[in-house]
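Student: Could you take me on a close look at one part of this model, the annotated binding site, and then show me how it compares with other charged spots?

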Amino acid sequence: MAKENICIIYGGKSAEHDISILTAQSVINAMDKEKYAVDTIYITNEGEWIKGPAISDRIEDAETLRLTSDESASLTEMLGKSTSGSTYDALFPLLHGPNGEDGTIQGLFEVLDLPYVGNGVLAASSSMDKLVMKQLFANRGLPQLPYVSFLRSEFEKYRANILELVDNKLDYPVFVKPANLGSSVGISKCSNREELIAGIEEALQFDRKLVVEQGVVAREIEVAVLGNDLPETTLPGEVVKDVAFYDYKAKYKDGKVQLAIPADISEETAETLRNMAVEAFKATDCSGLVRADFFVTEDETIYINETNAMPGFTKFSMYPLLWENMGVSYSELITRLITLAKERYADKKKIKYKMD
């Protein structure tokens, strides 16, 4: 039986570039090489696309995935044919942040009429933008914490007004977040006006649009969602922190975060979280995979925090571990995602684009 041709796309012009490389290593190593012929495309920090060789062995050192090349080829040439000369059965983008999970590269795949793993343009872009996401959640009736949002240009012109608005509408501590980044990049916990100003200045290095959100004493509970029109969910898991704030450094460098799977919560709350995860999935018209993140207070009041359309996906990340708890191995999860990508592509082919 002929192997399916899959192309892993990773790297990217994003603060989460290095995370993407680690994810690519993890996915490549877990893929069933008897079923899939695996190609790679590396996107450098500068945005150059480099086609790598076919991979049939384990990647022991992630640094070998930082490709260099003097050859030039068009994107259509890279994406149009595999190293074996056949078309790709699916592209597998493992890109985090802007130009990766914000709908831009998904739009490229759509224009080129190529099947790809994960969310489409609308779902990716609306899940990436925290403000748009919050507005869609509100329309769906999902409970959220109070927040204030503004643009860089607005802060530069109306700085005093915006700081006063935050002080009046929210209670410290608050969290300052770039609207369009994940993995806690650029996020600050602020306990007073001075820290708020510093947090805003830090976040504005990463985005022109910010969200300042009310802090809450709560547990961080997450649910993994998998599917297309009829999504499935996992039992919830909990992020257990040894630090006050689960930031980028704690996540990826210090190892000061543990995961409790399944979370120690009541069956009723777990069921509510799973139902809300599906509602959030549908609110942004998602497909493939999503991790829905929630805050759960001591009295089990629930607030949705966000959905992540390209969640951390190394073997030790929450999303695959949640599915492992449900009996779906990492390798099987990858296979299911590729299958879902092909099913969604086939479904799109049923749409008529011209009148008879």
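What follows is a walk through the annotated site and then some other charged residues.

Tutor: Sure, and keep in mind as we go that this is a predicted model. Let's start with the record: an unreviewed UniProt entry carries the annotation "binding site" for Asp293 and Glu306.

Take Asp293 to begin with. You'll find Asp293 in strand 13, which runs over residues 288–296. With a relative accessible area of 6%, Asp293 falls under the 20% cut-off, so this residue counts as buried. Setting aside neighbours within four places in sequence, Asp293 touches Ile221, Glu222, Ile304, Asn305 and Glu306. Notice that the other annotated residue, Glu306, is on that list.

Now for the charge on Asp293. The side chain of Asp293 pairs with Arg291 in a salt bridge, at 2.8 Å from N to O. Arg291 is itself buried, because its relative accessible area comes to 10%. Elsewhere, salt bridges with shared partners tie Glu4, Lys35 and Lys342 into one network.

Over to Glu306, then. Glu306 sits in strand 14, residues 302–308. Its relative accessibility is 16%, so Glu306 counts as buried. Again leaving out neighbours within four places, the contacts of Glu306 are Lys130, Met133, Phe137, Arg291, Ala292 and Asp293. So what do we have here? Arg291 is in contact with Glu306 and also forms the salt bridge with Asp293.

It's worth setting that beside another acidic residue, Asp39. Asp39 belongs to strand 2, residues 36–43. Asp39 is buried as well, yet has no salt bridge. The nearest side chain of opposite charge is that of Lys51, 4.5 Å away. A salt bridge needs the nitrogen and the carboxyl oxygen within 4 Å, so at 4.5 Å Lys51 doesn't make the cut. What the Asp39 side chain does reach is the backbone nitrogen of Thr83, at 2.8 Å. Beyond four places in sequence, Asp39 has contacts with Ile6, Cys7, Ile8, Lys51, Pro53, Ala54, Ser82, Thr83 and Tyr88.

One of those contacts, Cys7, is buried, given its relative accessible area of 0%. Cys190 counts as buried too, since its relative accessibility is 0%. As for disulfides, a search of the whole structure turns up 0.

Let's finish with the wider set of salt bridges, since the whole structure has 17. Glu63 and Arg66 make one of them, with N and O 2.7 Å apart. Glu63 counts as partly exposed because its relative accessibility is 45%, and Arg66 is partly exposed at 29%.

Another one joins Lys349 and Asp113, whose closest N and O atoms are 2.6 Å apart. That pair links distant parts of the chain, 236 residues apart: Lys349 is in the segment after helix 11 (330–348), while Asp113 is in the loop between helix 3 (104–111) and helix 4 (121–128). Lys349 comes out as partly exposed, at 48% relative accessibility, and Asp113 as partly exposed, at 40%.

To pull the threads together: the Asp293 side chain is buried at 6% and has its salt bridge with Arg291, whereas buried Asp39 has no salt bridge and reaches the backbone nitrogen of Thr83.

Definitions and conventions: Residues numbered from 1 in each chain as written. Predicted model: local features only at pLDDT ≥ 70, side-chain atom pairs only at ≥ 80, totals over all residues. Heavy atoms only, no water. Helix = DSSP H or I, 4+ residues; strand = E, 2+ residues; numbered from the N terminus. Buried < 20%, exposed > 50% of the residue type's maximum accessible area, 1.4 Å probe, protein only. Lys, Arg positive; Asp, Glu negative; His and termini not counted. Polar contact = N/O pair within 3.5 Å; in protein donor to acceptor, adjacent residues only side chain to side chain. Contact = heavy atoms within 4.5 Å. Disulfide = S-S within 2.5 Å. UniProt positions renumbered as here; feature names shortened; annotations may be inferred.
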